[in-house]
Amino acid sequence: KYYDAHKTSYMTDEKLKVAYVDLKRDDLAAKVKVDEGILKQWFNDNADHYVQPEERTASHILVAVDDPAKDAEAKKKIDEFYANLQAKKQTFEEIAKSNSDDKLTAEKGGLIGAVVAGDWGPEFEKAVNALKVGETSAPVKTEAGYEIIKVSEIKPAVKQTFEQARTAVEEDYRRDQADKEFTDKADQIQKLAYENEGDLAPVAKAIGLTVQQSDWFTRAQGQGIATDEKVRTAAFSDDVKAGKNSDLLELADGHAVIIRMINQETPAQKPLESVREDILTVLGDEGSRKLAASKGDELFKKISTAQSWTALKDSGVGAEENVQKAGFIGRMDNKLAVDVVQKAFTMNQPAAGKMTWDKVTLPAGDVAIIALKAVKAGDTKIEAGQDAIYGQSAGMRELSAVFQALRESAEIETHPENL
């Protein structure tokens with residue numbers, strides 16, 4: 001009976017298969033023709049890109065600032081370290097080992113190692129680049145907090161030879177050529193797919209690719225290109241299901257496809273035997289919910305009649321000591337379940353020395369019984385500025401309503417000759 005009454009709940013998902021043309025920049029890059037002459041010319045034209053960057057070997061003493069409120073405290077501490085360093089009471093390494101908040105470098109006397117431009121925060125790099133070999137900075141504010149920085153070695157930038165950079169040169173050249181080809185081919189297949197809206201073969205042939213086919217997939221999941229939500233959304237669109245080619249779908253940087261539906265499996269009724277266990281689970285849950293509701297009603301009547309939690313013990317479901325007593329709660333309080341809080345704020349205010357009782361069914365089917373002991377009035381005082389904010393908000397709503405009314409009542413006349 002349940003199956004017959006809920007047949008629409010036990011249907012298979014609609015499934016599609018698509019044909020597609022798959023354009024990938026990496027595939028194009030692999031096919032780019034190269035020779036030594038072309039690569040050397042590329043290297044000479046882009047020599048500034050093939051440079052071993054300058055390296056500065058740096059050490060630091062860090063006083064971290066995790067809380068802006070403790071900034072002044074951190075500044076005072078770093079100034080003390082710097083004063084001790086200037087007075088030669090301690091060496092840089094001694095201060096770093098005992099006081100730096102960077103514990104990894106502290107063990108090595110504050111040694112960070114090679115600092116290369118672009119790998120660190122701009123403020124830190126600015127301070128490092130301002131130092132000569134052997135110089136130590138005054139305390140500086142960086143992204144990490146306050147630091148004293150020392151540079152012990154500088155390795156100048158070195159231009160690479162063609163031989164040293166050859167691997168990177170070939171990769172860069174292939175990528176550059178593939179970028180251009182990818183853009184051209186993407187524009188080409190977009191146009192061809194529109195001109196041949198019911199066929200992908202001309203599209204694939206024009207750019208030297210083949211038409212591929214997907215496995216079955218649903219609106220919610222699939223394999224291969226159908227793992228991408230863009231593909232599934234396009235496949236189940238009215239145009240594609242009507243037999244048209246899709247627009248060009250960019251799945252990732254350098255990866256685009258055009259799809260067309262080639263097969264469809266409409267939703268069908270699942271046999272009773274295949275869903276029997278699911279139905280039994282649902283019926284069991286419904287039975288549990290009905291039982292919980294019945295027991296909850298029974299217990300609520302006893303407790304509200306007795307006006308006391310002592311009825312819990314008499315009913316054999318617990319003791320008063322197990323009742324969760326939250327005290328005063330606010331509307332946004334998270335000490336109790338949301339449904340309990342919302343229900344509590346709908347209950348009548350209890351009389352002096354009395355409690356108001358009510359119950360609520362929770363999402364899982366459990367029943368919560370609530371005793372409201374007291375209500376504390378909220379603060380009605382408007383803080384400075386809040387009245388102005390409210391006034392502005394109300395004014396904006398009124399202005400928006402006026403504009404909407406004008407739009408709805410406006411008569412629009414078009415002049416096609418001017419379009």
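A helix here is a DSSP run of H or I at least four residues long, and helices are numbered from the N terminus. With that in hand, let's walk through this predicted model, starting with a helix and its charged surroundings.

Helix α11 covers residues 238-241, and D239 is found in it. How buried or exposed is D239? Its relative accessible area is 46%, and partly exposed means between 20% and 50%, so D239 counts as partly exposed. D239 also belongs to a negative surface patch, which it forms together with E197, D238 and D247.

Now let's turn to the sheet. Strands of a sheet pair through backbone hydrogen bonds, in either a parallel or an antiparallel sense. In this model, four strands make an open sheet, and following the order β8-β1-β10-β9 you will find antiparallel pairing. The edges are β8 and β9 (249-252), each of which pairs on one side only.

Strand β1, spanning residues 15-24, is a good place to pause. Seven of its ten residues are buried, so this strand is mostly covered. On one side, β1 pairs with β10 (residues 255-265) in the antiparallel sense, over ten bridges. If you would like a spot to look at in that pairing, try L23, whose bridge partner in β10 is A256.

β1 also pairs with β8, a strand made of residues 212-213. This pairing is antiparallel too, and it runs over two bridges. Here you can find A19 opposite Q213, while Y20 has Q212 as its bridge partner.

Notes:
Residues numbered from 1 in each chain as written. Predicted model: local features only at pLDDT ≥ 70, side-chain atom pairs only at ≥ 80, totals over all residues. Heavy atoms only, no water. Buried < 20%, exposed > 50% of the residue type's maximum accessible area, 1.4 Å probe, protein only. Pairing = 2+ DSSP bridges. Patch = residues over 30% accessible without salt bridge, like charges linked within 9 Å, V, L, I, M, F, W, Y side chains within 5 Å. Areas by Shrake-Rupley, 256 points an atom, 1.4 Å probe, with all protein chains shown as cover. Salt bridge = Lys/Arg side-chain N within 4 Å of Asp/Glu carboxyl O. Lys, Arg positive; Asp, Glu negative; His and termini not counted. Charge placed at Lys NZ, Arg CZ, Asp CG, Glu CD.
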